[in-house]
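Biologist: I should like to go through this structure step by step, with a reason given for each answer. Shall we place it before us and begin?

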Amino acid sequence: MDTKIIAKRLRRFNHSSMYIPHLYPGKSPLFISEGIKYIRDSLDGFCLIDTILCLQYDRVIGKIFFQKLIFKQQPHDLSWILQCYDNEKLIVSKKIEFSNFPLPKIEIWLINKNLLLQNEF
């Protein structure tokens with residue numbers, strides 16, 4: 001799918017008020033918005049969401065109320081990097097060897113265990 005079409009579809013998600021459990025109903029450590037659900041289900045973003053979930057098990061990272069997560073492809077190879085920021089301070093950077101994620105870069109916010117796109121806030 002063309003990246004321009006994907007970007008246009010992602011822009012239609014705004015001011016989300018419905019969040020669903022990511023993994024197991026009732027006990028999920030993360031809740032995802034409609035836009036993140038679209039990324040997970042339609043853009044094969046399970047690896048991305050699961051990596052973000054794994055980061056939350058770190059004692060320091062898991063306690064941060066607002067996290068800005070940037071997932072981007074590295075220019076020199078097929079690897080990707082997921083960067084987690086506390087406001088503007090880089091907390092952790094995780095390399096992912098391969099992903100077939102269709103966009104070269106995406107920014108996701110995690111606010112109080114709710115994962116959402118910027119425009120859904």
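Biologist: How many bridges join S3 to strand S6, and in which sense do the two strands run?

Modeller: Please note at the outset that this is a predicted model. In general, strands of a sheet pair through backbone hydrogen bonds, either parallel or antiparallel. Here Gln67 stands opposite Leu110 in S6, and the bridge partner of Ile70 in S6 is Glu107. Strand S6 covers residues 105-111, and S3 and S6 run antiparallel, joined by seven bridges.

Biologist: What joins S3 to S4?

Modeller: S3 and S4 pair in the antiparallel sense over six bridges. Within this pairing, Lys72 has Ile81 of S4 as its bridge partner. The connection from S3 to S4 runs through six residues and is a hairpin.

Biologist: Which strands stand at the edges of the sheet?

Modeller: The sheet is open and has seven strands with mixed pairing, in the order S1-S2-S7-S6-S3-S4-S5. A strand at the edge has a single partner strand, so one of its sides is left without a neighbour in the sheet. The strands in this position are S1 (20-21) and S5.

Biologist: Helix H2 packs on the sheet; about what angle does its direction make with that of S7?

Modeller: H2 touches S1, strand S2 (31-32), S6 and strand S7 (114-117). Between the direction of H2 and that of S7 the angle is about 85°.

Biologist: Which residues are linked in a network of salt bridges?

Modeller: In general, side chains of opposite charge can pair when their charged atoms come close. The side chains of Lys37 and Asp41 form a salt bridge at 2.7 Å, N to O, and Arg40 forms another with Asp41, at 2.8 Å between the closest N and O atoms. Asp41 takes part in both bridges. The network therefore links Lys37, Arg40 and Asp41.

Biologist: In which helix do Lys37 and Asp41 both lie?

Modeller: The two residues are four residues apart, about one turn of the helix. Both are partly exposed, Lys37 at 35% relative accessibility and Asp41 at 37%. The element that holds them is helix H2, residues 34-42.

Biologist: Is Arg40 buried or exposed?

Modeller: The cut-off for a buried residue is under 20% relative accessible area. Arg40 has 9% relative accessibility, and therefore counts as buried.

Biologist: How many residues apart in sequence are the parts that Glu88 and Lys68 tie together?

Modeller: Glu88 forms a salt bridge with Lys68, with 3.5 Å between the closest N and O atoms. Glu88 lies in the loop between strand S4 (80-86) and strand S5 (89-96), whereas Lys68 lies in strand S3 (residues 66-73). Glu88 is exposed at 63%, while Lys68 is buried at 13%. The pair ties together parts that are 20 residues apart in sequence.

Biologist: Why does Cys47 form no disulfide, and how many disulfides does the structure hold?

Modeller: In general, a disulfide is a covalent bond between the sulfur atoms of two cysteines. The closest cysteine sulfur to that of Cys47 is in Cys54, 9.3 Å away, which is too far for a bond because the cut-off is 2.5 Å. For Cys84, which is buried at 0%, the closest cysteine sulfur is also in Cys54, at 13 Å, again too far for a bond. The number of disulfides in the structure is zero.

Biologist: Which element gives the largest share of the largest nonpolar core?

Modeller: In general, nonpolar side chains in soluble globular proteins tend to be buried together. The largest nonpolar core has 28 residues, and those with the most contacts inside it are Leu10, Leu48, Phe101, Ile106 and Leu115. Two or more residues come from each of helix H1 (3-11), H2, H3, S3, S4, S6 and S7. The largest share, five residues, is given by H3.

Biologist: Which residues does Thr51 touch, leaving aside those up to four places away in sequence?

Modeller: Thr51 is found in helix H3, residues 46-55. With a relative accessibility of 10%, Thr51 counts as buried. The residues that Thr51 touches are Leu82, Lys94 and Ile96.

Definitions and conventions:
Residues numbered from 1 in each chain as written. Predicted model: local features only at pLDDT ≥ 70, side-chain atom pairs only at ≥ 80, totals over all residues. Heavy atoms only, no water. Buried < 20%, exposed > 50% of the residue type's maximum accessible area, 1.4 Å probe, protein only. Salt bridge = Lys/Arg side-chain N within 4 Å of Asp/Glu carboxyl O. Pairing = 2+ DSSP bridges. Contact = heavy atoms within 4.5 Å. Axes fitted to C-alpha atoms, helices over the stretch in contact; angles between N-to-C directions. Core = buried A, V, L, I, M, F, W, Y, C linked by side-chain atoms within 4.5 Å.
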